[in-house]
Amino acid sequence: MKRHAASLAEVRSVYAELAARPIQRNCLRRTECCQFQRTGKIPQLTRGEALLAAQAFRASGRKFPSLRKDGACPMLQNETGKCLIYESRPFGCRTHFCQAAGGPIGRQEVLPLIRRLEKVDAELGGDGPHPLPQSITQALREL
Ligand code: SF4
């Protein structure tokens, strides 16, 4: 993963910049938005986001995510119901549709950050965003 260090640093920098913006967010980790089957919505990850998430997942001591019968995000820990990779959660998990956290952040508001993630995606040979479960599973194979 050393070879991707600069790319992953750029993804982290995008997340940090988003967190520093004066956009009202109030994520209480209710994990409602992590219930993909229930909400019908799944975050789409660029390659840099997927690699960073996969790295965080491995750092949690796990090898591969277990399949969830309830259709929830595979990063949601069965035992605790908490996100296993919260600090490295993808961009969509930070800007998504959760009304309790303040509703979706408008795309225009964060477009420069999205463009940076797309640039990293291209640099890493990605072909655009893919749904979270597949993106992270693929990234885990490459670690
Ligand atoms: S990565 Fe974490 S925050 Fe994002 S949907 Fe999955 S469990 Fe929820």
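**Note on L18 and its surroundings**

1. Leaving aside residues up to four places away in sequence, L18 touches R94, V110 and L113. This is a predicted model, and the points below should be read as descriptions of that model.

2. Of these partners, V110 deserves a separate remark: it lies 92 residues from L18 along the chain, yet the C-alpha atoms of L18 and V110 are separated by 7.9 Å. L18 itself sits in helix α1, which covers residues 5-20.

3. Is L18 buried, exposed or partly exposed? L18 counts as partly exposed because 17 other C-beta atoms lie within 10 Å, whereas a buried residue would need 20 or more and an exposed one would have 12 or fewer. Across the protein, buried residues make up 29% of the 143 residues.

4. Turning to the fold as a whole, the protein has 6 helices and 2 strands, and from the N terminus on these elements follow the order α-α-β-α-α-α-β-α.

5. Where contacts between residues at least 6 apart in sequence are considered, 85% of them join residues at least 24 apart. The pair formed by L18 and V110, 92 residues apart along the chain, can be read alongside that figure.

6. On overall dimensions, the C-alpha trace spans about 35 × 35 × 20 Å along its principal axes. The radius of gyration of the protein is 14 Å, which agrees with a compact globule, because a globule of 143 residues would have a value near 15 Å.

Technical notes
Residues are numbered from 1 along each chain as its sequence is written. This is a predicted model: local features need pLDDT of at least 70, side-chain atom pairs count only at pLDDT 80 or more; totals for chains, interfaces and linings use all residues. Helices (H or I, at least four residues) and strands (E, at least two) are DSSP runs, numbered from the N terminus. Two residues are in contact if their C-beta atoms, placed from the backbone, lie within 7 Å. The radius of gyration is taken over C-alpha atoms; the globule rule is 2.2 Å times the number of residues to the power 0.38.
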